[in-house]
Amino acid sequence: MTATATPPVAQAPKAVTRRGDKIFSGIALAAALTILVTLAGVAAFLLAEGYPAFGAPAEDLGADSFVALVGPLLFGTIYSSILALLFAAPVAVGIALYISHYAPRRLARAFGYVIDLLAAVPSVVFGFWGITVLAPFLVPGYVWLEANLGFIPLFAGPVAKSGFVMLTAALVLAVMILPIMTAVCREVFLQTPRLHEEAALALGATRWEMIQMAVLPYGRSGIVSGAMLGLGRALGETLAVTIILSVNPTVIVFNLISSQNPSTIPANIALNFPEATGIGVSVLVATGLVLFVLTFAVNYLARLVASRGFSGAAG
Amino acid sequence: MSTTPGTPPTPTTDRSGKTGTTSESPHGQSAPVRPGSSLGLTPEQFGTPGTPGTPGPPGPGDPVAAEPTPTAGRLPQALSPGLLLASAAAVAGLLLLLGRFTVVGTVVLTAVVYTVGIYVVARVVEGHRRAVDRVVTALVTVAFVLAMAPLVSLIWTVATRGLARFDVAFFTQSMAGVVGEGGGAAHAIIGTLQVTGIATLISVPVGIMASVWLVEYGKGPLKRGITFLVDVMTGIPSIVAGLFAFALFSLLLGDPGHRSGIAGAIALSVLMTPVVVRTCEEMLKLVPDELREASFALGVPRWRTITKVVLPTSIGGIAAGVTIAIARVIGETAPLLITLGFTTGFNFDMTEGRASTLPVFAFDQFRNRGLPPEAFIDRAWTAALSLIIIVMVLNGIGRLIAYLYAPKTNR
């Protein structure tokens, strides 16, 4: 037979290099590298455009130094985001548990979509809603807080009668970061090994004990990762905060319900950029660079936790 | 409370309402010693708490199963919804009597009353562990309802307020020459379509090719690095993307006040590309390797295999992913505020000058109110309503495509 002819045929494909293959894989690689170039480009161009701000004289900055300018903004950004995270994290874990382990199996997927709808709402609409519906709704609560818990500095008055205060902004941020945190937690909870759950139930555990024993330990890294992704979103969220807070960027105030509120970096940019010129633009871009570094670090950590945690839990 | 598998609950704390040991209390007679009894577990605890709809019957051949099922120690199924209704009625009645009835107050207080009530009842009848379980069930459900509340309230608000100006003029006229009432957002809608269209034209090819590289070609640290950075890139704040596009154009063109549709489209594609890459990557991974191998075996080159076999197979998922990516960026306000600004009239030229987009239009109308302010607020709400409709429709189309073209697997 022609068995002797097969070895060269088997080796032939290795030797063949087709021009089409080279071009196509080259295009694909170029597209993938575009991601790297874009990320590097974001950092490079923000640095180039914002560089003049770092050494700018005080009269151009409107503050003693760039650090003095960006400090309160950075405080406001982190403060509002941490508050939002504190509100959203327990609720997100609860929703994720509800969808993954409590809701009727047929409805669970639909419920997941409904939560995802929250993510689809544009942030400017969240801002409108926060200022028109949520803020007036919360004002009686703020008055109560001041009257009964006013001895705590966070709730010391005077209450802003408009409701356009830090707590409102943080609550709107919390609603906005719920979907991503829920999505991440839900995915991890659903990956809990079925055998772990059934073993716990077989030992007589109630559903909550089963979740404590099997689901939460397995999903811990997912919860942390989801929380940090939510934090990253909250840090960069612009319009809702811009619309809700009456901005006064030079203050560092912890008070949650007074009319004196710190601004955030993105809100400050959105408010002042349209009218900014010259060094003012550079200053705003430089604050944007600070925000970029901050969110990059948070997102980086979140993904690191996720990748470490999953492999650790699986192994 | 936490119970580790190695330490079974002690009989006395397990059923606080009862006396005696668990092996005899539910039956009143000495049951034959079974493996479960040695763990101190009552027969009803062998039920499957994970599926309350089907109260797990004890297995056949079980000597206990033949006896009448002991319902003492287990709340009847109808009690939970009944208690919920009773709490709601009681709270609503009380609030009505006090003359301080509000829907929100009723819901909140009902949740509190129900949670406390179910704990007390379950604690007395079923014991501490099941009571805690029921409270957690209530809390988890409350968390879900809590998230629904803003969504419902928001959609209701936008729908009712947005309808005021949801008329023909809004979609056919611009704001050129409009001082007070009247006018529309036609220029902003055109602007949104143009900018988002250009962003899509940039992001989709780059995103698809990048995901092709990641799935079909990539290996080693470069692949891992790019996958990681795509994930990180999805978290870039939108305003930073806007600042980047602005800095890019103003530095390259030497124009410190640069505003153009192209810059806006670049900003949006920075946000959109990672989303496209992620979804396409997932879809390409779903294509079975057998298809690729069959194609290779026929002597088809790799690139033809990808363009003729892999991509067509996953086209539904890719289309769905792209649609949802568009929905994500079409509502972005901050980057367009920076790169495009806003105008009152039409600007079809995407390469130069300010132009309005729907989200920025809404923001501008809401923030920079003229006289009468109601006209501006109405326009802002109608723009918000249009935006939400667009986003929801896009999301719906995306889900529909994904559903229709879902790979026929047994999952």
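Author: In this predicted model, two residues are in contact if their C-beta atoms, placed from the backbone, lie within 7 Å. By that rule the contact takes 81 residues from chain B and 75 residues from chain A.

Reader: What makes up the side of chain B that touches chain A, by class?

Author: That side has 57 nonpolar, 18 polar and 6 charged residues. Helix 5 (residues 128-162) of chain B gives the most to it, with 19 residues.

Reader: Why is Val125(A) said to be in contact with Leu154(B)?

Author: The cut-off is 7 Å between C-beta atoms. Val125(A) is in contact with Leu154(B), and also with Val158(B), Ala384(B), Leu387(B) and Ile388(B), leaving aside neighbours within four places in sequence; therefore each of these pairs has its C-beta atoms within 7 Å.

Reader: What makes the largest nonpolar core a core, and which residues have the most contacts inside it?

Author: A nonpolar core needs buried residues joined through C-beta atoms within 7 Å, and buried requires 20 or more other C-beta atoms within 10 Å. The largest such set has 203 residues, and those with the most contacts inside it are Val125(A), Met181(A), Phe244(B) and Ala384(B). Helix 4 (residues 66-102) of chain A gives the most to this core, with 20 residues.

Reader: How do you know where this core lies with respect to domain 1 and domain 2 of chain B?

Author: Domain 1 (79-160) and domain 2 (173-404) both give residues to this core, so it lies between them. The centres of the two domains, taken over C-alpha atoms, are 41 Å apart.

Definitions and conventions. Residues are numbered from 1 along each chain as its sequence is written. Chains are lettered from A and ligands numbered from 1 in the order in which they are written. This is a predicted model: local features need pLDDT of at least 70, side-chain atom pairs count only at pLDDT 80 or more; totals for chains, interfaces and linings use all residues. Domain bounds come from an automatic or database domain assignment. Helices (H or I, at least four residues) and strands (E, at least two) are DSSP runs, numbered from the N terminus. Ala, Val, Leu, Ile, Met, Phe, Trp, Tyr, Cys and Pro count as nonpolar, Asp, Glu, Lys and Arg as charged, and the others, Gly among them, as polar. A residue is buried if 20 or more other C-beta atoms lie within 10 Å of its own, exposed if 12 or fewer, and partly exposed in between; C-beta atoms are placed from the backbone.
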